[in-house]
Amino acid sequence: MTATYLKEEHHMFRESLRKFLAIEAVPHYDQWERERMIPREFWRKLGEQGFLGAWIDEEFGGLNADFGYSVVLNEELERVGTSLIGVGLHNDIVVPYLDTYGTDWQKQQWLPRCITGETITAIAMTEPGTGSDLAAIKTTAVRDGDHYIVNGEKTFITNGIHADLIVVACKTDTAVRPAHRGISLLVVERDTPGFTRGKKLDKVGLHAQDTAELIFQDARVPAANLLGEEGKGFYYLMEKLQQERLIVGISAQVAAEEMLRMTIEYVKNRRAFGQTISQFQNTQFAIADLATEIEIGRTFLDDLIGKHMNGEHVVTQVSMAKMWLTEMAKKVASECMQLHGGYGYMEEYPIARRYRDIPVAAIYAGTNQIMKTIIAKNLGL
C-alpha cells in the first residue's frame, strides 16, 4: 500500500536515501553497536547529501519541503536499526523548536549548521526524580544581567554526548502556580561554562544510540538563548509533542514490519520434523495474526500522518497511535523471537537486537500510561 501523502519526489528521496544508507550505515551498523556510538562523521555525510532539515526554509539552507520527507527519513533509518533514532530526534523533534520559537537571529545562528550535520541537537526534559511529571522539574534558571544561571540535572537525554545545542526545560519562576507556568526553554551550547555531561548510559538496547546525563552547576547561559517567551516552555512542549509521538509511532510501525519480514524469511527456510516451519499451522496462524495487526497499524498511521500534514489537531489519535503501535511492536518482537526458536536468542540473528530495542518505545515521549491518561481526558472522562 502506498500512502496518498507520498508523491513522486518523496519516492525519489527514498531511493536516494536507501542507496546512501546501504553504503554509509548498513555495513557499519554492527560495529557502531559494539562501539556504543554512531560517529559524528555519519551525521556530516547525511547533511552533505541533503537528508537533514529538508523541511526548513530555503533562507536558512533547507528546501521548504513537507513532512513527507521526514516520514521517509525516519522510516528508512528505522529499517537499518533503531539506534539511529537520534537522527530523527534532531531532525523532526528538536530543530522544529528552534524553527518555530526562535528569533531570526537564533535561526540564522543555529539552523544552517543543523542542516549540514555539523551541529547535533538534543532536548532535555527528564530529570532523575521527575520522569513524566514535567511540571515537577527542579532545574532552575535565574536571571543575572545578560545571562541565566542554570542549576540542575537531566537524564536519559538522547544525543546527550554528541549534542552541540540542547533545548533545556527549566524553571525561571519557582513560585508561580500552577507550577508548569514557570517553565521556560533555554538553548544551552556545548562550551557553556558550568555545563558538563555525565556518563554515557548503559542501556538494555539501542546500544549505538548515545544517551547521557547532563549536569548544570551555575552554568552561565546567555539571555539571548531564551527560546520564545519566559513561562511559555510547557505550552511549547505540549504543542510539539504531537509530532514527537508521531515519530515514535512511525519507528514502531517500521520495526514491526521489519521483524515480520525477517521472520517470514526465516520460517520459510528453517526445517523441523521433515518440513519447513512455515508449513505448520501454528506458524501460519501466528504470522497471519501479526500481519493483520501490522496492516491495521499502517493504515491508522498513514491516515494520521496525512491529517498532521494538513495541520489538523489530532493529539488524541496520535496518543492512541503511539500507545497502540508501540505495544503492537513489542508483541511482534516477542512472537517473532519465539518463531525463531533458540536461534532468536542468538546475537547473530537481528530479531534478538530488535527484541532488545523495541520496549523503550513504550516509555519515551511519554509513557503509554500517560498516553491513556491523555486519551481518557480528551474523551471527557
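A residue counts as buried when its relative accessible area is under 20%. In this predicted model, helix α7 is mostly covered by that standard, with 29 of its 37 residues buried. Helix α7 runs from residue 233 to residue 269. From first C-alpha to last it reaches 54 Å, close to the 54 Å expected at 1.5 Å a residue. The helix also has a kink of about 40°, centred on leucine 241.

The whole structure holds 28 salt bridges. Side chains of opposite charge can pair when their charged atoms come close. One such pair joins glutamate 76 and arginine 14, at 2.6 Å from N to O. This pair links distant parts of the chain: glutamate 76 sits in helix α4, arginine 14 in helix α1, and 62 residues separate them. Both glutamate 76 and arginine 14 are buried. They also belong to a network of salt bridges, whose members include Arg18, Glu257 and Asp302.

Other pairs lie within one helix. In helix α1, lysine 19 and glutamate 15 are four residues apart, about one turn. Their side chains meet at 3.8 Å, N to O. Lysine 19 counts as exposed because its relative accessible area is 54%, and the limit is over 50%. Glutamate 15, at 48%, is partly exposed. In helix α8, aspartate 303 and lysine 307 are likewise four residues apart. Their salt bridge spans 3.2 Å, N to O.

The model has three cavities of 30 Å³ or more. The largest has a volume of about 80 Å³. Its lining comprises five nonpolar, five polar and one charged residues. Among the lining residues are Trp43, His162 and Asp210.

Technical notes:
Residues numbered from 1 in each chain as written. Predicted model: local features only at pLDDT ≥ 70, side-chain atom pairs only at ≥ 80, totals over all residues. Heavy atoms only, no water. 1 Å grid on protein atoms, 1.4 Å probe; cavity = no way out; pocket = protein on both sides within 12 Å on 5 of 7 lines; lining within 4 Å. Points joined across faces, edges and corners; volume = space filled by probe spheres on them. Nonpolar A, V, L, I, M, F, W, Y, C, P; charged D, E, K, R; others polar. Helix = DSSP H or I, 4+ residues; strand = E, 2+ residues; numbered from the N terminus. Expected span 1.5 Å × (residues − 1). Bend = angle between axes of the 7 residues up to and from the residue. Buried < 20%, exposed > 50% of the residue type's maximum accessible area, 1.4 Å probe, protein only. Salt bridge = Lys/Arg side-chain N within 4 Å of Asp/Glu carboxyl O.
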